[in-house]
Amino acid sequence: TGDNKYQLENEDKSYTYVDAVKWFSIKKPSQILFVHLKRFNANFEKNYKEICFRPELDLTSYSLEQDKILYELYCVIVHDGTIDHGHYFAYVNDMNKQKWYEMNDKVITEVGEKEVYKGNFGGVHVKYDVNPTTRELEEKKENNERTAYILIYVLKDKIEEMFKDDD
């Protein structure tokens with residue numbers, strides 16, 4: 001729309017500019033789906049915008065075959081820091097036991113599902129400090145530097161096959 005229209009060539013080789021709709025369809029879903037959340041811009045600044053993600057992703061409405069396409073969240077890769085410095089770590093779901101683990105360098109810790117989502121959406125934190133001179137409460141807004149960077153989903157129909165327990 002507006003200045004952002006598609007150019008359509010007419011039979012007489014002249015051009016018409018038209019509004020268009022762009023979409024995608026899924027013929028055969030992949031077993032693993034990587035969702036990269038763009039967390040930087042062309043000026044190499046980190047994007048702290050709040051982005052919510054869910055434990056289940058339903059892409060059925062994009063199916064060419066009208067099949068159910070349901071994914072379950074398997075891993076969240078998180079960046080904690082700014083564009084100039086920071087640290088990457090991951091939350092990984094043990095799909096057999098439905099337990100989440102934080103994988104942070106050599107330290108592996110079991111965490112609750114709330115920990116996977118809490119604080120990893122980005123956005124702004126509001127903190128309150130007491131002004132030492134006036135002794136009044138001051139509101140201070142800061143970017144949440146802990147942001148989900150990559151989400152890895154697994155096709156629900158394939159979980160049992162992919163994560164067979166060989167015990």
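**Exercise 1. The Lys156 salt bridges**

Is Lys156 buried, partly exposed or exposed? Work this out, then trace the salt bridges of Lys156 in this predicted model.

Solution.

Step 1. The relative accessible area of Lys156 is 33%. Buried means under 20% and exposed means over 50%, so Lys156 is partly exposed.

Step 2. Look for the acidic partners of Lys156. Glu56 forms a salt bridge with Lys156, and the closest N and O atoms are 2.7 Å apart. Glu56 belongs to strand S4, while Lys156 sits in the loop between strand S11 (146-155) and helix H2 (159-162), so this pair ties together parts that are 100 residues apart in sequence.

Step 3. Lys156 also forms a salt bridge with Glu72, with 4.0 Å between the closest N and O atoms. Because Glu72 lies in strand S5 and Lys156 in the loop between S11 and H2, the pair ties together parts that are 84 residues apart in sequence.

Step 4. Classify the two acids. Glu56, with a relative accessible area of 39%, is partly exposed. Glu72, at 14% relative accessibility, counts as buried.

Step 5. Set a further salt bridge beside these. Lys158 pairs with Glu161, the closest N and O atoms being 3.8 Å apart. Lys158 is partly exposed at 27% relative accessibility, and Glu161 is exposed at 51%.

Step 6. Join the bridges that share partners. Glu56, Glu72 and Lys156 make one network. The count of salt bridges comes to five.

**Exercise 2. Aromatic pairs**

Assign a geometry to the ring pairs Phe24 with Tyr62 and Phe53 with Tyr117.

Solution.

Step 1. The count of aromatic pairs comes to five. In the pair of Phe24 and Tyr62, the ring centres are 4.9 Å apart and the planes make an angle of 5°. Planes under 30 degrees apart count as stacked, so Phe24 and Tyr62 are stacked.

Step 2. Locate this pair. Phe24 is in the loop between strand S2 (15-18) and strand S3 (32-36), and Tyr62 is in the loop between strand S4 (56-58) and strand S5 (70-81). The pair links distant parts of the chain, 38 residues apart.

Step 3. Check exposure. Phe24 has 49% relative accessibility and counts as partly exposed. Tyr62 is partly exposed as well, with a relative accessible area of 36%.

Step 4. Turn to Phe53 and Tyr117. Their ring centres are 5.4 Å apart and their planes are at 40°, so the pair is tilted. Phe53 is in the loop between S3 and S4 and Tyr117 is in helix H1 (residues 113-117), which places the linked parts of the chain 64 residues apart. Both Phe53 and Tyr117 are buried.

**Exercise 3. The surroundings of two histidines**

Find the polar contacts of the His79 and His87 side chains.

Solution.

Step 1. His79 is in strand S5. Its relative accessible area is 8%, which means that His79 is buried.

Step 2. The side chains of His79 and Lys46 are joined by a polar contact of 2.9 Å.

Step 3. Leaving out residues up to four places away in sequence, His79 touches several residues, including Lys46, His85, His87, Glu145 and Tyr149.

Step 4. The side chain of His87 makes a polar contact of 2.7 Å with the side chain of Asn104. Asn104 is placed in strand S7 (residues 99-104). With the same sequence neighbours left out, Asn104 touches His87 and Phe89.

**Exercise 4. Positive phi and a nonpolar patch**

Describe Phe44 and Arg135 by backbone angle, then name the residues of the nonpolar surface patch.

Solution.

Step 1. Most residues other than glycine have a negative phi. Phe44 has a positive phi, near 55°, and Arg135 has a positive phi of about 60°.

Step 2. Phe44 is in the loop between S3 and S4, and Arg135 is in the loop between S9 and strand S10 (137-143).

Step 3. Phe44 counts as exposed at 61% relative accessibility, and Arg135 counts as exposed at 65%.

Step 4. The patch covers about 490 Å² and is made by Val124, Val126, Tyr128, Val130 and Leu137. Strand S9 (residues 124-130) gives the most to the patch, with four residues.

Step 5. Tyr128 is in strand S9. With a relative accessible area of 48%, Tyr128 is partly exposed.

How values were computed: Residues are numbered from 1 along each chain as its sequence is written. This is a predicted model: local features need pLDDT of at least 70, side-chain atom pairs count only at pLDDT 80 or more; totals for chains, interfaces and linings use all residues. Side-chain values use heavy atoms; hydrogens and water are left out. Patches are made of residues with over 30% relative accessible area and no salt bridge: like charges are joined within 9 Å, nonpolar side chains (Val, Leu, Ile, Met, Phe, Trp, Tyr) within 5 Å. Accessible areas come from the Shrake-Rupley method with a 1.4 Å probe; for residues, only the protein chains shown count as cover. A salt bridge is a side-chain nitrogen of Lys or Arg within 4 Å of a carboxyl oxygen of Asp or Glu. Helices (H or I, at least four residues) and strands (E, at least two) are DSSP runs, numbered from the N terminus. Buried means under 20% relative accessible area, exposed over 50%, partly exposed in between (1.4 Å probe, protein chains only). Rings of Phe, Tyr and Trp (its six-membered ring) pair if their centres lie within 6.5 Å; planes under 30 degrees apart count as stacked, over 60 as edge-to-face and the rest as tilted. A polar contact is a pair of N or O atoms within 3.5 Å; within protein, one must be able to donate a hydrogen and the other to accept it, and residues adjacent in sequence count only if both atoms are side-chain atoms. Contact means heavy atoms within 4.5 Å.
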